Amino acid sequence: MVQLVGSLRKELADSLSSCKVLVVGAGGIGCELLKNVVLTGFKNIEVIDLDTIDVSNLNRQFLFQKKHVGKSKAQVAKESALQFCPSANITAYHDSIMNPDYNVEFFRKFVLVMNALDNRAARNHVNRMCLAADIPLIESGTAGYLGQVTVIKKGMTECYECQPKPTQKTFPGCTIRNTPSEPIHCIVWAKYLFNQLFGEEDADQEVSPDTADPEAAWNPEDTAARATASEKDGDIKRVSTKDWARSTGYDPVKLFNKLFKDDIMYLLTMDKLWKKRKAPTPLDWQQLENGANPQEDTPASGLKDQQVLGVWGHCQLFQHSVETLRSQLQEKGEGSELVWDKDDPPAMDFVTAAANLRMHIFSMNMKSRFDVKSMAGNIIPAIATTNAVIAGLIVLEGLKILSGELESCRTIFLNKCPNLRKKLLVPCILDPPSANCYVCASKPEVTVKLNVHKTMVLSLQDRILKERFGMVAPDVQIEDGKGTILISSEEGETEANNSKFLSDFGIRNGSRLQADDFLQDYTLLVNVLHTEELEHDVEFEVVGEAPDKAPPPQTNQEEVNSITNGNKDSAQPSTSSKARAAAADDDDDIMIVDSDEEEEEEEGAPSSSTAAPGASSGTKRKHSDVETGEASTKRPRTDQSSAAAAADDDDDDIIALD
């Protein structure tokens with residue numbers, strides 16, 4: 001007769017009490033997961049999270065209370081979880097999982113790793129560390145009402161990076177700076193402006209009119225004289241935005257007239273931009289103040305964040321937020337910087353005011369603070385119950401692994417609505433590793449198309465190896481028979497190479513580079529394909545990947561219309577193309593809104609109206625990717641009997657809604 005300890009077999013219960021597990025992330029999913037893990041009987045748990053508790057977390061991260069605001073999430077989560085089971089041994093780390101201290105040996109201490117992360121870089125890193133340590137990883141994500149859980153095991157399943165993720169789109173700088181046509185363009189501009197004024201300046205986030213706009217094709221010498229910007233109100237000299245703001249003492253009125261009058265009048269001198277567009281209308285602080293109607297901005301009924309202020313109301317909000325941010329900057333001292341955070345009221349007020357004023361100038365309907373925050377913070381509203389369901393599924397998959405039943409593990413989707421078979425939870429059989437994966441293949445290899453005469457070594461390191469291929473500290477050697485070291489992870493060793501072009505080192509079409517990341521125990525062979533025909537502003541392309549050309553998602557229009565603030569960091573797709581359906585971030589479940597069409601902005605949230613896997617056709621569902629809004633299609637099953645068996649299996653794992 002089977003002995004039970006609670007609801008578990010005695011052997012499994014004993015295994016839980018003796019094994020050591022790692023929980024990565026203590027946010028929305030992480031809180032629920034830690035509670036579940038403790039109550040299920042796990043006794044040796046380590047939890048890591050770099051974040052601190054914010055007031056906005058308290059509506060769904062139930063291990064935290066108001067008194068905990070500002071404290072370490074991992075530490076408070078540990079203390080709260082111990083109240084459920086004081087005998088548990090929990091170790092908390094207030095740190096980044098990407099810290100070199102957490103190397104392969106650290107990961108090998110664990111029988112199982114459970115991810116509850118909120119960004120792609122960390123997910124990539126944990127994926128690689130678990131592959132290197134050869135331990136199972138349970139990956140998870142939520143996006144609003146959608147959720148997903150999957151299992152990753154070296155040599156048995158797809159890893160997190162087996163399927164290429166769609167490249168995150170960006171807006172052309174001239175659109176942001178000169179010719180915004182959608183609210184999101186103005187919101188991005190306002191976020192750039194915050195950094196230019198109060199944060200870390202970035203040359204790629206310039207907000208002044210772009211005189212190099214190819215569409216304008218005008219002569220600055222001939223037309224600059226026509227700009228009638230007032231010397232007194234800010235002038236239009238092309239100097240650092242932050243330096244100019246400092247010189248005015250961050251005077252809100254001077255800033256206002258510079259940004260919303262002088263710069264707009266300067267834009268108007270670019271005649272060709274406005275031949276087929278409605279020209280912008282400059283705003284003048286004094287005129288607005290003189291003509292202000294006190295009743296114009298009287299608060300309407302309803303929630304404050306969902307009210308749309310008038311122009312003068314946004315002027316006052318701009319003034320107040322600039323004064324507050326100026327004070328914060330002064331308190332931090334000389335040379336300090338502020339970091340934009342959607343949950344920081346003055347920062348959010350500033351972006352709301354600046355974005356709406358720019359929308360008005362370019363004849364767009366202004367937005368409520370709630371709408372601006374949704375797009376500026378890239379938020380899909382986090383749903384506490386979704387996190388709870390997904391955390392429960394993580395533990396169920398963990399129990400299968402610890403029972404030695406890895407073959408019975410599944411990728412499980414949580415849908416917003418029941419499918420045609422009245423199923424809300426839909427499991428899919430795990431796919432085998434991709435032979436072409438540049439992470440988990442036996443000899444990872446990629447081909448990168450670039451211009452060796454224009455690509456610098458620093459760009460290879462930061463943009464290609466770190467950003468695109470997720471390395472943390474790469475070492476690069478040229479396979480030229482000499483073993484030339486191009487990039488070293490040791491500080492200062494190859495810094496002199498950073499500003500040189502790849503061609504300076506004899507790298508040409510067909511050259512091969514070996515990139516090693518010793519922290520991740522990962523080696524990647526990079527084949528260089530030289531080309532001079534890349535599109536404008538494209539630095540490189542990975543050959544064989546065209547995720548942006550996926551077919552459009554099949555969305556239910558009624559459902560799309562009901563999603564008002566779905567919009568990019570960071571909902572993250574997970575292991576396979578099927579898993580991208582709901583792999584998102586817990587906590588600040590996000591996805592990029594950088595569509596070129598207004599409709600795409602509104603359809604950025606994932607749809608759950610697609611067909612479910614396990615249907616009789618044997619084809620897994622096509623589902624909108626929560627990070628990009630792109631559809632991802634699963635390969636059809638060629639073995640129909642296998643698909644039928646999977647469908648039968650599904651019924652044992654599915655919750656049916658009658």
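**Aromatic pairs around helix H13**

Let me start at the end of a helix. After H13 comes Ser363, with a positive phi near 60°. Keep in mind that this is a predicted model.

Now H13 itself. How far apart are its end C-alpha atoms? They are 24 Å apart. At 1.5 Å a residue, the 17 residues of H13 should span 24 Å, so the two values agree. Next, its surroundings. Of those 17 residues, 15 are buried, so H13 is largely enclosed by the rest of the structure.

On to the aromatic rings. The count for the model is 18 aromatic pairs. Take Phe198 and Phe350. Their ring centres are 5.6 Å apart. Their planes stand at 85°, and over 60 counts as edge-to-face, so this pair is edge-to-face. Where do the two residues sit? Phe198 belongs to helix H7, residues 183-198. Phe350 belongs to H13, residues 345-361. That is 152 residues apart, so to speak of a link between distant parts of the chain is fair. Are these two buried or exposed? Phe198 is buried, at a relative accessible area of 0%. Phe350 is buried too, with 0%.

Second pair: Phe260 and Phe318. Centres 5.6 Å apart, planes at 80°, so edge-to-face. This pair also links distant parts of the chain. Phe260 lies in helix H10, residues 252-268, and Phe318 in helix H12, residues 311-332. They are 58 residues apart. Phe260 counts as buried, at 0% relative accessibility. Phe318 is buried, with a relative accessible area of 0%.

Which cluster do these rings belong to? One aromatic cluster takes in Trp189, Phe194, Phe198, Tyr250, Phe256, Phe260, Trp285, Trp312, Phe318 and Phe350. So both of my pairs are in there. Trp189 has a further partner: the charged end of Arg358 sits over its ring, 4.3 Å from the centre.

Last, confidence. The chain averages a pLDDT of 79. At least 70 is reached by 74% of the residues. Two stretches to flag. Over residues 220-238, pLDDT stays under 50, and the model has 33 contacts there beyond four places in sequence. Over residues 546-658, pLDDT again stays under 50, with 330 such contacts in the model. Why hold back on those contacts? Where pLDDT is low, the predicted coordinates should not be read in detail.

Note on methods: Residues are numbered from 1 along each chain as its sequence is written. This is a predicted model: local features need pLDDT of at least 70, side-chain atom pairs count only at pLDDT 80 or more; totals for chains, interfaces and linings use all residues. Side-chain values use heavy atoms; hydrogens and water are left out. Rings of Phe, Tyr and Trp (its six-membered ring) pair if their centres lie within 6.5 Å; planes under 30 degrees apart count as stacked, over 60 as edge-to-face and the rest as tilted. Helices (H or I, at least four residues) and strands (E, at least two) are DSSP runs, numbered from the N terminus. Buried means under 20% relative accessible area, exposed over 50%, partly exposed in between (1.4 Å probe, protein chains only). A charge sits over a ring if NZ of Lys or CZ of Arg is within 6 Å of the ring centre and within 35 degrees of the ring normal. pLDDT is the predictor's confidence in each residue, from 0 to 100. Contact means heavy atoms within 4.5 Å. The expected span of a helix is 1.5 Å times one less than its number of residues.
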